[in-house]
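Let's take a look together at how this protein holds its ligand. Here are the sequence and the structure.

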Amino acid sequence: MSPVATRVGLIERYRERLPFADGDPVISLGEGSTPLVHAPALSERVGAEVWLKLEGLNPTGSFKDRGMTCAVSAAVREGAKAVICASTGNTSASAAAYAARAGIRCAVLVPDGKIATGKLAQALMHGARVIVLRGNFDEALKLVRELADRHPISLVNSVNRFRLEGQKTASFEIVEALGEERPLDALCIPVGNAGNITAYWKGFRELGVAPRMFGFQAAGAAPLVEGAPVAHPETVASAIRIGNPARWEEAMDAMTSSQGAVRAVTDAQILDAYRFLAAREGVFCEPASAASVAGLMVHGAGDAERVACVLTGHGLKDPSTALDQAGAVVPCEPELAAVEEAVLG
Ligand code: AN7
């Protein structure tokens, strides 16, 4: 029997466009190569051809794996014995998994009570030291930056340039998938610490294309929209509950030079888009990811005909929000008549 072909990791797939040489250590879980699926109901609703980039199908369930395969591989190449990050959840899950695979230690600082259950379970299962900070993400990031300056621990937040190198490959995949005849007009993407939008723009520029970049923030955590840091960010989309993004200038540059924009969406609009995607497109993403679609629904994407929305993380990451937003179960006695009534009634 011939071996079954599996997804190759993105360092292997895009090595010539990444800062890795043949023979460098590669820590990979087969990340990248995620589906780009057409969204008929959403397309009809917004009057454009809309595609969804399903980043929740990465190995740990979010786009962070693209950056983490590069950040952890580079850390191992440099001889690091430990990695650290601040996180609203997904970065910690991804860092923990790749560190486990590399056989190095991992510590994560997460804001107390504000990370989704699935992400916490992942970080703990992968054996990371999970430090629950009585503070928010911005405070956590400031602290881990200081710590990484003082100790030989590799910082794997998106301030690490290898993270962006890995994440830019999502742009390559979108451009490849859509072909050259009708390029993408606009990209809609949630913005938290602003690493991902910066990475996508870098990827597009390297290919010589320039879709309009529309970044969306949660209204309670929208520093880029307000033009000033937000001291106490709040939103149901816990992944993007960030008040002082590290990649502020680069993200603004991506949106301005591509003639895009940064806009806010309310929690209610995010949750509408979240339910719409699940109920009408069969796509279950986490609330932060739905901000990209909420933004498209509420603000549009200029006069773009072909749009891609980045769905950054899987819906299973955050079961509590899903159960809050979903319909109720139907209790039933174990008898045919009762089941009939429950199913058909
Ligand atoms: C699902 O995990 O910042 O603008 O610490 O998990 O690149 O920060 C997560 C961010 C969007 C925003 N969607 O991306 C973290 C973290 C999801 C996310 C974002 C995040 P950036």
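## Polar contacts

In this predicted model, a polar side-chain atom of Asn-90 lies 2.7 Å from an oxygen atom of the ligand. An oxygen atom of the ligand also has a backbone N or O atom of Asn-193 at 2.7 Å, while a ligand nitrogen atom has a polar side-chain atom of Thr-312 at 2.6 Å. A polar contact here is a pair of N or O atoms within 3.5 Å.

The protein buries 99% of the 470 Å² that the ligand exposes when taken alone (accessible areas by the Shrake-Rupley method with a 1.4 Å probe).

## The shell and its domains

Helices, which are DSSP runs of H or I with at least four residues, help to build the shell: α4 (90–102), α9 (195–207) and α13 (287–299) each give two or more residues to it. The shell residues divide into 10 nonpolar, 12 polar (Gly counts among the polar ones) and two charged.

Why does the ligand lie between domain 1 and domain 2? Domain 1 (10–62 + 164–325) and domain 2 (64–162) both give residues to the shell, so the ligand lies between them; the bounds come from an automatic or database domain assignment.

## Notes on the model

Residues are numbered from 1 along each chain as its sequence is written. For this predicted model, local features need pLDDT of at least 70, side-chain atom pairs count only at pLDDT 80 or more, and totals for chains, interfaces and linings use all residues, while side-chain values use heavy atoms, leaving out hydrogens and water.

Notes:
Polar contact = N/O pair within 3.5 Å; in protein donor to acceptor, adjacent residues only side chain to side chain.
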